[in-house]
Amino acid sequence: MAENAVVKEQLTQEMIEAGAQLTAKLEEMGLPVAVAMWFFLPDINEWRLLFASPVLSTAGPRDVYRKVEEARRALGDKAAAAPLSVISLLDENHELVRLLPIALQTGVGSRLRFSKNVISGHFIEDALIYRIAPKAA
């Protein structure tokens, strides 16, 4: 009898480094980053590099993606493991962006693995978090 086993896509060290460097480069370029993390999407068995920024609601996604691509080009080969096709932008009102600061906050240069956890009833399979800015009061 054959069994089907789903093998989880791995988050590689190259991906981790590329995400960290891209996050730092975006901040260096003046883009405020409220959330930056690799987030595993079990439905499609893929990792996505997610960024949330307050600029998204004012400048729009096209300008923010342009800034991300500019940062990727500036990093050259260091960003190869984080192609634009795996990068997604989240609005600051996205449920995930609102929930994360309830449970976590990070400092500059953080790399926090957050696996198989629940925040306010929402299950997070796996994430590697670089930045969660505290919510303004």
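Strands here are DSSP runs of E covering at least two residues, numbered from the N terminus. With that in hand, let's walk through the model, which is a predicted one.

Start at tryptophan 47, which sits in strand β2, the run covering residues 46-52. Is tryptophan 47 buried or exposed? Its relative accessible area is 3%, so it counts as buried, given that the cut-off for that label is under 20%. The side chain still has a polar partner: one of its polar atoms lies 2.9 Å from the backbone oxygen of glutamate 9. For a longer view, take tryptophan 47 and histidine 122, which are 75 residues apart in sequence, while their C-alpha atoms are 18 Å apart in space.

Now for the charged side chains. Side chains of opposite charge can pair when their charged atoms come close. Counting a Lys or Arg side-chain nitrogen within 4 Å of an Asp or Glu carboxyl oxygen, the model has nine salt bridges. Let's look at some of them.

One involves glutamate 46 and arginine 48, whose closest N and O atoms are 2.7 Å apart. Glutamate 46 is partly exposed, at 33% relative accessible area. Strand β2 spans residues 46-52, so you can pick out this pair while you still have tryptophan 47 on screen.

Next, go to helix α1, residues 13-28. What joins the side chains of lysine 25 and glutamate 28? They meet in a salt bridge, with an N to O distance of 2.9 Å. The two are three residues apart in this helix, so about one helical turn separates them. Their surroundings are worth a look as well: lysine 25 is buried, with a relative accessible area of 19%, whereas glutamate 28 is exposed at 60%. Keep the cut-off in mind for the lysine, because buried means under 20% and lysine 25 has 19%.

Helix α3, residues 61-75, holds another pair with that kind of spacing: glutamate 69 and arginine 72 are three residues apart, about one turn of the helix. Their side chains form a salt bridge at 3.1 Å, N to O. How do the two fare on accessibility? Glutamate 69 counts as partly exposed at 21%, while arginine 72 counts as buried at 15%. This pair also has company, since Glu69, Arg72 and Arg73 are joined into one network by salt bridges that share partners.

Methods:
Residues are numbered from 1 along each chain as its sequence is written. This is a predicted model: local features need pLDDT of at least 70, side-chain atom pairs count only at pLDDT 80 or more; totals for chains, interfaces and linings use all residues. Side-chain values use heavy atoms; hydrogens and water are left out. Helices (H or I, at least four residues) and strands (E, at least two) are DSSP runs, numbered from the N terminus. Buried means under 20% relative accessible area, exposed over 50%, partly exposed in between (1.4 Å probe, protein chains only). A polar contact is a pair of N or O atoms within 3.5 Å; within protein, one must be able to donate a hydrogen and the other to accept it, and residues adjacent in sequence count only if both atoms are side-chain atoms.
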